[in-house]
Amino acid sequence: MLAIVNGFVTVLAMITFIGIVWWAWSAHRVEANRQAAQLPFSLPEEYQKNQPIGDSHE
């Protein structure tokens, strides 16, 4: 009985994984994926060149 439940849960997990991959790569997600890929480049710089280096703990 436990083997049947284990097999069912495995198949359910595989179907869920394939569904998420299909959704992520679907045609209506192209623009959202493009915007998400550009997010690291649109963040402000963490360290500015004009900031003095010293004992500041901010």
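A salt bridge here is a side-chain nitrogen of Lys or Arg within 4 Å of a carboxyl oxygen of Asp or Glu. By this rule, the count in this predicted model comes to 1 salt bridge.

**View 1. The protein chain as a whole.** Let's start with the overall picture before moving in. The secondary structure of the protein chain comes to 2 helices and 0 strands. Of its 58 residues, 2% count as buried. The protein chain exposes about 6,200 Å², and carbon and sulfur atoms supply 67% of that area.

**View 2. A salt bridge in helix α2 joins Arg34 and Glu31.** The side chains of these two residues meet at 3.0 Å, N to O. Side chains of opposite charge can pair when their charged atoms come close. Arg34 and Glu31 are separated by about one helical turn, because they sit 3 residues apart in helix α2, which covers residues 30-42. Both partners can be described by their accessibility: Arg34 counts as partly exposed at 48% relative accessibility, and Glu31 is partly exposed too, with a relative accessible area of 42%.

**View 3. Ser26 lies in the loop between α1 and α2.** Is this loop residue buried or exposed? With a relative accessible area of 11%, Ser26 is buried, since the cut-off for buried is under 20%. The side chain of Ser26 also has a partner: a polar contact of 3.1 Å joins Ser26 to the side chain of His28.

**View 4. Nonpolar side chains form a surface patch.** Which residues make this patch? Met1, Leu2, Ile4, Val5, Phe8, Val9 and Leu12 do, and the patch comes to about 820 Å². One of these residues, Leu12, lies in helix α1, which runs over residues 2-24. Leu12 has a relative accessible area of 46% and is therefore partly exposed. That value fits its place in the patch, because patches are made of residues with over 30% relative accessible area and no salt bridge.

Technical notes:
Residues are numbered from 1 along each chain as its sequence is written. This is a predicted model: local features need pLDDT of at least 70, side-chain atom pairs count only at pLDDT 80 or more; totals for chains, interfaces and linings use all residues. Side-chain values use heavy atoms; hydrogens and water are left out. Patches are made of residues with over 30% relative accessible area and no salt bridge: like charges are joined within 9 Å, nonpolar side chains (Val, Leu, Ile, Met, Phe, Trp, Tyr) within 5 Å. Accessible areas come from the Shrake-Rupley method with a 1.4 Å probe; for residues, only the protein chains shown count as cover. Helices (H or I, at least four residues) and strands (E, at least two) are DSSP runs, numbered from the N terminus. Buried means under 20% relative accessible area, exposed over 50%, partly exposed in between (1.4 Å probe, protein chains only). A polar contact is a pair of N or O atoms within 3.5 Å; within protein, one must be able to donate a hydrogen and the other to accept it, and residues adjacent in sequence count only if both atoms are side-chain atoms.
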